[in-house]
Every structure is written in C-alpha cells, then in structure tokens.
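This report describes the fold, the helix packing, the cysteines and several unusual backbone sites of one protein. The sequence and the structure are shown first.

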Amino acid sequence: MKTTRIRLRLVHLSKKAMLLHLIRHAKTDQESPTGKDFDRELLPRGWKQCAELSTYLIGELDYTTCRVVCSSAKRTRQTLEGLSANFSEEETDFTEELYLCSVKTYLRLIWQENHPDDLVLIGHNFGISDLANYFLDTQIELRTAEYICIEFPFDSWDETFQSNGILKSHFRPSAR
C-alpha cells in the first residue's frame, strides 16, 4: 500500500493588531506658579513615576509605528518629557483639545486618525479613564502615570466602537 504524505503549511492571515496606549499624566503639584490649573508641574514623585513607567514601556512599544498625541498642559508635556526615551519628537502632536476633555473628544480624535499605526494618548482624568472604560466595558479610574494598552483587531481607527477593545497590558508605577 502506497502512503502519500501531504505537507500543510498554516498561514496566519490576520494582520498586526492596532494598539491604543493610554497614559494619565504623572503626579503634580496642586498649585502652579501662575495659579492656573493648565500650568501645574510634576512633583519629584511624578518624575519618579515617569522613570518607572519609561522602563516598563521599553518592552511595550513598537517604535516604528507609534504616533503620540499629548495634551498641551504643562503636566502632560512633562510626563512625555519623562518618557522621552520611548518617543521621538517628530511623531508627537500637542493639542489643547485634550486638556480635561471628555470621552467624546478622545473618540472624535481617534476616529479621525487615517492610519493603522499604534496610537499613544497622554491626557487627564476623567476623560482618559472614561475612554478606557468605553473600549473595555469596565470601570477603572486611571491613577497618576498609570498606563493601559488596548488591542483592536481592525485595519482602521474608525472601526473601533464601544466594548470591542481587549486589554493587552496595564501598569501602575509604584513610585511613592
């Protein structure tokens, strides 16, 4: 009896998932030199949180396909500065639109993205926590310098919708 061997090669057809990285700004002073909330600066504890988060992010981010959008408030810009080993300036956009915004503003920004690259948002509560809750169908409140990565199996940001994200990773610095 003749035996015929057939070799099968499995081909994985799905593309790389899109990743949404959410970062809440690090710990800040309650007062600012100008008296304006927008100008509040990081405390020494906040800088320590950034250093710890930066170390964690080294294994989390794909540097070739990552776009960063950061609130233009002082504390979010300083948080990004504390994470500067993880991002390049040419891929970063600063916008006042993310300053203390609602989940609707975050969603509008995400759905306007016309690329499949990973997206990093650095912002404020409660909007950034509400965004995580929207995509993950959970109740979480991001603490200072806390990070969440949400995965989406789509080709475009405008395909994302409520409760269709998958929690890929979550990190909260222990710096006190």
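A polar contact is a pair of N or O atoms within 3.5 Å, where, within protein, one must be able to donate a hydrogen and the other to accept it. The model discussed here is predicted.

**A loop serine**

With that cut-off in mind, Ser-32 offers a first case. A polar atom of the Ser-32 side chain lies 2.8 Å from the backbone oxygen of Lys-36. Ser-32 belongs to the loop that runs between β1 (18–24) and α1 (44–57). Is Ser-32 buried or exposed? The relative accessible area of Ser-32 is 12%, so this residue is buried. When neighbours within four places in sequence are left aside, Ser-32 is in contact with Asp-39 and Arg-40.

**Overall organisation**

The protein contains four helices and six strands. Along the sequence, these elements follow the pattern β-α-β-α-β-α-β-α-β-β. Of its 176 residues, 48% count as buried. Among contacts between residues at least 6 apart in sequence, 70% join residues at least 24 apart.

**Helix packing**

Two packed helices are described by the angle between their axes and the distance between the axes. Two such pairs are set out below.

| Helix pair | Axis distance | Crossing angle |
|---|---|---|
| α1 and α2 | within 8 Å | roughly 45° |
| α3 and α4 | within 8 Å | roughly 65° |

Helix α2 spans residues 74–82. At its angle of roughly 45°, the pair α1 and α2 is therefore oblique. The crossing of α1 and α2 is right-handed. On the α1 side, the residues in contact are Trp-47, Cys-50 and Ser-54, and they meet Gln-78, Thr-79, Glu-81 and Gly-82 of α2.

Two of these α2 residues, Gln-78 and Thr-79, reappear among the buried residues of that helix, which are Arg-75, Thr-76, Gln-78, Thr-79 and Leu-80. The cover over the buried residues of α2 includes β1, α1, β2, β3 and β4.

For the second pair, the angle of roughly 65° makes α3 and α4 roughly perpendicular to each other. The crossing of α3 and α4 is right-handed. From α3, the contact involves Val-103, Tyr-106, Leu-107, Ile-110 and Trp-111, while α4 contributes Gly-127, Ile-128, Asp-130, Leu-131, Tyr-134 and Phe-135.

Helix α3 comprises residues 103–112, and within it Thr-105, Tyr-106, Leu-107, Leu-109 and Ile-110 are buried. Tyr-106, Leu-107 and Ile-110 thus appear in the buried set and also in the contact with α4. Which elements do the buried residues of α3 pack against? They pack against β1, β2 (66–71), β4 (118–123) and α4 (127–136).

**Cysteines**

A disulfide is a covalent bond between the sulfur atoms of two cysteines. For the present purpose, a pair of cysteine sulfur atoms must lie within 2.5 Å to count. By this rule, the model has zero disulfides. Why does Cys-66 form no bond with the closest cysteine sulfur? That sulfur, in Cys-149, is 9.3 Å from the sulfur of Cys-66, which is too far for a bond. Cys-66 counts as buried because its relative accessibility is 7%. Cys-101 has a relative accessibility of 11% and likewise counts as buried.

**Backbone geometry**

Most residues other than glycine have a negative phi, and most peptide bonds are trans. Three sites in loops depart from these patterns.

The peptide bond from Asn-125 to Phe-126 is cis, and its omega is near 10°. Phe-126 is located in the loop between β4 and α4.

Leu-100 has a positive phi, near 50°, and is a residue other than glycine. Its position is in the loop between β3 (92–95) and α3. With a relative accessible area of 44%, Leu-100 is partly exposed.

Ser-163 is not a glycine either, yet its phi is positive at about 70°. The loop that holds Ser-163 lies between β5 (147–152) and β6 (166–171). Ser-163 is partly exposed, its relative accessible area being 37%.

Definitions and conventions
Residues are numbered from 1 along each chain as its sequence is written. This is a predicted model: local features need pLDDT of at least 70, side-chain atom pairs count only at pLDDT 80 or more; totals for chains, interfaces and linings use all residues. Side-chain values use heavy atoms; hydrogens and water are left out. Buried means under 20% relative accessible area, exposed over 50%, partly exposed in between (1.4 Å probe, protein chains only). Helices (H or I, at least four residues) and strands (E, at least two) are DSSP runs, numbered from the N terminus. Contact means heavy atoms within 4.5 Å. Axes are lines fitted to C-alpha atoms, for helices over the stretch in contact, and angles run from 0 to 180 degrees between N-to-C directions. Angles under 35 degrees count as roughly parallel, over 145 as roughly antiparallel, 65 to 115 as roughly perpendicular and the rest as oblique. A crossing is left-handed if the near helix is turned anticlockwise from the far one by less than a right angle, and right-handed if clockwise.
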